[in-house]
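Subject: Structure handover

Hello,

Please find the structure below, with the sequence beside it. My notes on what was found in it follow.

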Amino acid sequence: MATETETLRSLVATELERARDRTVLLTEAVDEDDLVRQHSPLMSPLVWDLAHVGNQEELWLVRDVGGREPVRRDIDELYDAFKHPRGDRPQLPLLGPAEARRYVATVRDKVLDVLDHTRLDGTPLVERAFAFGMIVQHEQQHDETMLATHQLRTGAPVLQAPPPPGSTTPVTGDVLIPAGPFTMGTTTEPWALDNERPAHQVDVPAYFIDRAPVTNEQYAAFLDAGGYDDERWWSTAGWRHRRSAGLSAPQHWQRDGDGWAYTRFGRTSRIVPDEPVVHVCFYEAEAYAAWAGKRLPTEAEWEKAARFDPATGRSRRFPWGDEPPTADQANLGQRHLRPAAVGAYPAGASPSGVHQLIGDVWEWTSSDFHGYPGFAAFPYREYSEVFFGSDYKVLRGGSFGTDAAACRGTFRNWDYPIRRQIFSGFRCARDA
Ligand code: AVJ
Ligand code: FE
């Protein structure tokens, strides 16, 4: 009979393998020249992400958890994200594609051995396999980053996937979330990262929140109404950025007759009206919301709409309940290469009747990235704490490119308000 530890070990092994399969897919889809080239100054060469994933795995699981000898101590500095900004990475003496592939495979072999010989309790780092879960999430996060690099690369398309399910349910307007406290964040979720902790009560005044993310059609109406030329809808910083960056539409949009076309992973077609808009920055989201007579939700408002169950008063792990996502509840994991139309996931709605909170597009919130009351950096300050402050805005919910292992009702992402190379969209809220 399998013990609980054996079950956990085999779950970890499966999750590590799933992450690696995705990394291999994303790095074998292109030739060597494409792997070592920088496709945007915002992104690393794919071969950097590949070896960085292996290096983090080596640091935490081979050396720290396993107490084993380093595989390649000499390359730690090259793959330390804080030592070299993304723009400088192509100039570094990086491991080449073949060497990087051998390196990550060697590290993985050792990690599977460490997994077999490590107790998954006793210290916070290994309790319920936390460090392994952290590394699974790290690889999946870099896989999403690599997918964003694929979206920025030019040339013939190399990725394919079946289209997402279509809309089956009309989802329009917004819902009232009555005033009251709810539990935000988590203390018990085993693989939750430090910034999601601890669980704490937040009293949220009544508000309305959109039942779905803003669609291409809705966003195009803002464009057609001259929203990008009307300073009234933009914040001071937003307008300054709109002008200096010359923003005129979401990234990858082009005029097509009297409508719009969009290039996605190398294929151009007309925008799909009822699909959530993607590749907008925080300032564009904020301006659209102002034009629509609304605003962006705070992070607490987003999470209450996603997790709070008025019938029981408790917060769920996911909008649909406590069980991990199934394919009919959320568009995650790069199963499809695009967000699904609004109304495609009725089974994933929250108790408050809010749809598509998890998957499809990351959703900008109005909140700066801060630690929750009682925050403690774990296991390293550079995951979250060094980013706390007013430079970053929080995004919630995950995108079609986020794996389920790196996504839940409490998960927090963050980026600069000018960034739109990530799979970012938004929904609106308003005061009640
Ligand atoms: C949480 C997505 C902002 O990619 O910068 C990867 C995740 N941290 N390696 C990022 C991360 C360290 C992080 N984000
Ligand atoms: Fe990283």
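Strands β5 and β6 (residues 259-264) run antiparallel and are joined by 4 bridges. One residue to look up there is R255, whose bridge partner in β6 is W260. Helix α6 packs on the sheet that holds these strands, touching β5 and β6, and its direction makes about 70 degrees with that of β5. Please keep in mind that this is a predicted model.

R255 and W260 are also linked through their side chains: R255 lies over the face of W260, at 4.1 Å from the ring centre. A similar entry is R430, which lies over the face of F208, at 4.0 Å from the ring centre.

The sheet itself is open and has 3 strands in the order β5-β6-β7, with antiparallel pairing. Its edge strands are β5 (253-256) and β7 (267-270), each of which pairs on one side only. On average, neighbouring strands of this sheet are turned by 30 degrees against each other, direction ignored.

Next, the aromatic residues. The structure holds 33 aromatic pairs. One of them is formed by Y219 and F222; this pair is edge-to-face, with 5.6 Å centre to centre and 70 degrees between the planes. Both residues lie in helix α6 (residues 216-224), the helix that packs on the sheet. Y219 and F222 are 3 residues apart, about one turn of the helix. In general, an α-helix has 3.6 residues a turn, so residues three or four places apart point the same way. Y219 counts as buried because its relative accessibility is 0%, and F222 counts as buried at 0% as well.

F318 and W320 form another aromatic pair, which is stacked: the centres are 5.1 Å apart and the planes make 5 degrees. F318 has a relative accessibility of 4% and therefore counts as buried. W320 is buried too, with a relative accessible area of 12%; the cut-off for buried is under 20%.

There is also an aromatic cluster, formed by W60, F82, F369, F375, Y380, Y383, F387, F388, Y392, W414 and Y416.

Then helix α7 (residues 236-244). Which of its residues are buried? They are G238, W239, H241 and R242. These residues cover an arc of only 165 degrees around the axis, so they lie on the same side of α7. On the other side of α7, the residues T236, R240, R243 and S244 are exposed. What do the buried residues of α7 pack against? Their partner is α8 (282-291). Just after α7 comes G246, which takes a positive phi of about 65 degrees.

Last, a single residue: Q140, in helix α5 (residues 130-152). Is Q140 buried or exposed? With a relative accessibility of 2%, Q140 counts as buried. Leaving aside neighbours within four places in sequence, the residues in contact with Q140 are R18, A19, R22, D403 and A406. For Q140 and D80, the separation is 60 residues in sequence and 18 Å in space, C-alpha to C-alpha.

Regards

Definitions and conventions
Residues numbered from 1 in each chain as written. Chains lettered and ligands numbered in written order. Predicted model: local features only at pLDDT ≥ 70, side-chain atom pairs only at ≥ 80, totals over all residues. Heavy atoms only, no water. Phe/Tyr/Trp six-rings, centres within 6.5 Å; stacked < 30°, edge-to-face > 60°. Helix = DSSP H or I, 4+ residues; strand = E, 2+ residues; numbered from the N terminus. Buried < 20%, exposed > 50% of the residue type's maximum accessible area, 1.4 Å probe, protein only. Lys NZ or Arg CZ within 6 Å of the ring centre and 35° of its normal. Arc of directions from axis to C-beta. Contact = heavy atoms within 4.5 Å. Pairing = 2+ DSSP bridges. Axes fitted to C-alpha atoms, helices over the stretch in contact; angles between N-to-C directions.
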